[in-house]
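Reader: I would like to go through this model one question at a time, with the reasoning spelled out in each reply. Please show it first.

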Amino acid sequence: MFDFIRKQFVDVIEWLEQPGELAWRVPFADREIQHGAQLTVREGQIAAFVNEGRIADYFGPGLHTLETANLPLLSNLMNWDKAFKSPFKSDVVFLSLKEQHGLKWGTAQPVTVRDAEFGALRLRAFGSYSFRVSEVAPFVSRVMGTLAGISVPSLEPQLRAAIQTAIATALGGSGIAFLDLAANQQALSDRIKLEVDKAFAQWGLTCLSFYVESVSLPDEVQAHLDKASSMRVLGDLGNYTRFQAAEAIEDAANQDGGGVAGIGAGVAAATALGGAMAQGLGQATIPATAPAVTQEDPLAMIEKLHRLVTLGALSQQEFDAKKAELLARIR
């Protein structure tokens, strides 16, 4: 009885939405709306009358008096006479048309794509996007249904799944090598957005913005890529050897027993380093600045070369080759 009496006095219908809310169904008792009730629709909202699962009438922003005269479709569906004053028996659904921004997306699992340079690659990506309700009918029928309300958090898992599928489609057909993705990031974002828009359209949504903030490789693949980059940074091995020799001379000159003797020791070490590395790689030996150094005691030279191995400046293979050569001199 209380519900019956209360619904007779419901004459103001409005929705004060909260952040993240997309749709709300007005909870009328027995779905009855009084003839002459006042419907307030604010900017960024739209109100839809749903009768037996079918959308009958829409109301945009403004103050509306609910009468049979301004509900033509609903009146026709219910066969109401123009003078009919009984309550409307229908659902009223408010929808927010505002942009829902600041949302994050990411690949839960790596997406396998065919790269132009590296072949099959498993990529991870993440970024941000925004959307809004653009078509009321598909949203109400395919998303809202008979629910009391829809919020962004409840819809996000479905949207992120559609985005991941769109990413696989866009990356797989982009033809852009992984190493060039950074320079083409805006073009990649636009390409993925086109695929996302196709998926969102089936729910009456439009993707307003879409950004790819990062695309990354699995850790083990990235480690190999870093090693290759390091080798390219080193460049010509001969220049690298000369650089190491210059550092060895400077370190020797700064030792406690510095002066001419320290510099001489540095020159000897640098020459040994350059000669050993050049021979190990089949390159021409770096010219020695002091001819007398080549006549140094073979055992002393082996000891110096062994020190370079422990420092990591010379490989074991290169050391063994030079050691065999020096021991041959003694014999």
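Reader: Is Asp91 buried or exposed?
Author: In this predicted model, Asp91 has a relative accessibility of 16%. A residue counts as buried when that value is under 20%, so Asp91 is classed as buried.

Reader: Which side chain does the side chain of Asp91 join in a polar contact?
Author: Asp91 has its place in strand S9, which covers residues 91-96. Its side chain takes part in a polar contact of 3.2 Å, a value that lies within the 3.5 Å allowed for such a pair of N or O atoms. The partner is the side chain of Arg25.

Reader: Which strands are at the edges of the open sheet of five strands?
Author: The order of the open sheet is S6-S5-S9-S2-S13, with antiparallel pairing. An edge strand here pairs on one side only, and that description applies to strand S6 (54-59) and strand S13 (149-151).

Reader: What is the average twist from one strand to the next?
Author: The five strands of this open sheet are paired in an antiparallel manner. From one strand to the next, the twist averages 20°.

Reader: Which residue in S6 stands opposite Ala48?
Author: Strand S5, made up of residues 45-51, runs antiparallel to S6 and is joined to it by five bridges. Across from Ala48, the residue in S6 is Tyr58.

Reader: What percentage of the residues in the protein chain is buried?
Author: The secondary structure of the protein chain comprises ten helices and 14 strands. Counting residues under 20% relative accessible area as buried, the share among the 331 residues of the chain is 37%.

Definitions and conventions
Residues numbered from 1 in each chain as written. Predicted model: local features only at pLDDT ≥ 70, side-chain atom pairs only at ≥ 80, totals over all residues. Heavy atoms only, no water. Pairing = 2+ DSSP bridges. Helix = DSSP H or I, 4+ residues; strand = E, 2+ residues; numbered from the N terminus. Axes fitted to C-alpha atoms, helices over the stretch in contact; angles between N-to-C directions. Buried < 20%, exposed > 50% of the residue type's maximum accessible area, 1.4 Å probe, protein only. Polar contact = N/O pair within 3.5 Å; in protein donor to acceptor, adjacent residues only side chain to side chain.
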